Amino acid sequence: MPMVTRRLRDPDINPCLSESDASTRCMDENNYDRESCSTYFLKYKNCRKFWNSIMIQRRQNGVKPSMPTAAERDEILGAMGKMPY
């Protein structure tokens with residue numbers, strides 16, 4: 001597997017892996033009709049926006065690494081009580 005693909009499939013690097021997989025699965029099931037999968041695309045976009053804002057906030061506060069690990073993300077989402085996206 002190429003390095004770029006491996007990085008995108010790593011849950012510690014890609015916080016929106018499940019949303020990405022869901023949109024890809026929807027496209028496969030609906031014969032690549034983008035209209036049918038618009039809700040999945042919107043959910044993925046909101047996920048990326050949320051985690052990018054967290055990453056920017058952590059950089060500003062000097063927290064390393066700027067993207068939380070998968071375990072830290074689970075704790076953040078658990079503390080919120082619901083999915084913010």
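Two aromatic rings, from Phe, Tyr or the six-membered ring of Trp, count as a pair if their centres lie within 6.5 Å, and the pair is called edge-to-face when the planes are over 60 degrees apart, stacked when they are under 30, and tilted for the rest. By that rule this structure, which is a predicted model, holds 2 aromatic pairs, and the tour will arrive at both of them after a look at the whole chain.

**The whole chain**

Begin with the cartoon view, in which the chain shows 4 helices and 0 strands, so that the elements run α-α-α-α from the N terminus on, each being a DSSP run. The C-alpha atoms fill a box of roughly 45 × 35 × 20 Å along the principal axes. If you switch on the surface, you will be looking at about 6100 Å² of exposed area, 53% of which is supplied by carbon and sulfur atoms. Buried residues make up 26% of the 85 residues in the chain. Colouring by charge brings out 14 positive and 11 negative side chains, with the centres of the two sets lying 8 Å apart.

**The nonpolar core**

Next, select Cys 16, Cys 47, Phe 50, Trp 51, Ile 54, Met 55, Met 67, Leu 77 and Tyr 85, the 9 residues of the largest nonpolar core. Helix 3, which covers residues 38-60, gives the most to this core, with 5 residues. In soluble globular proteins, nonpolar side chains tend to be buried together.

Stay with Cys 47 for a moment and display its surroundings: leaving aside residues up to four places away in sequence, Cys 47 touches Pro 15, Cys 16, Glu 19 and Tyr 85.

**The aromatic cluster**

Now show the side chains of Phe 50, Trp 51 and Tyr 85, which ring pairs link into a cluster. How are the rings of Phe 50 and Trp 51 placed relative to each other? Their pair is edge-to-face, at 4.8 Å centre to centre and with 80 degrees between the planes. Phe 50 has a relative accessible area of 14% and Trp 51 one of 1%, and because buried means under 20%, both residues count as buried.

Turn then to the pair that Phe 50 forms with Tyr 85, which is tilted, at 5.8 Å centre to centre and with 45 degrees between the planes. Because Phe 50 lies in helix 3 and Tyr 85 in the segment after helix 4 (70-80), this pair ties together parts that are 35 residues apart in sequence. Tyr 85 is itself buried, with a relative accessible area of 16%.

Terms used
Residues numbered from 1 in each chain as written. Predicted model: local features only at pLDDT ≥ 70, side-chain atom pairs only at ≥ 80, totals over all residues. Heavy atoms only, no water. Core = buried A, V, L, I, M, F, W, Y, C linked by side-chain atoms within 4.5 Å. Buried < 20%, exposed > 50% of the residue type's maximum accessible area, 1.4 Å probe, protein only. Helix = DSSP H or I, 4+ residues; strand = E, 2+ residues; numbered from the N terminus. Contact = heavy atoms within 4.5 Å. Areas by Shrake-Rupley, 256 points an atom, 1.4 Å probe, with all protein chains shown as cover. Lys, Arg positive; Asp, Glu negative; His and termini not counted. Charge placed at Lys NZ, Arg CZ, Asp CG, Glu CD.
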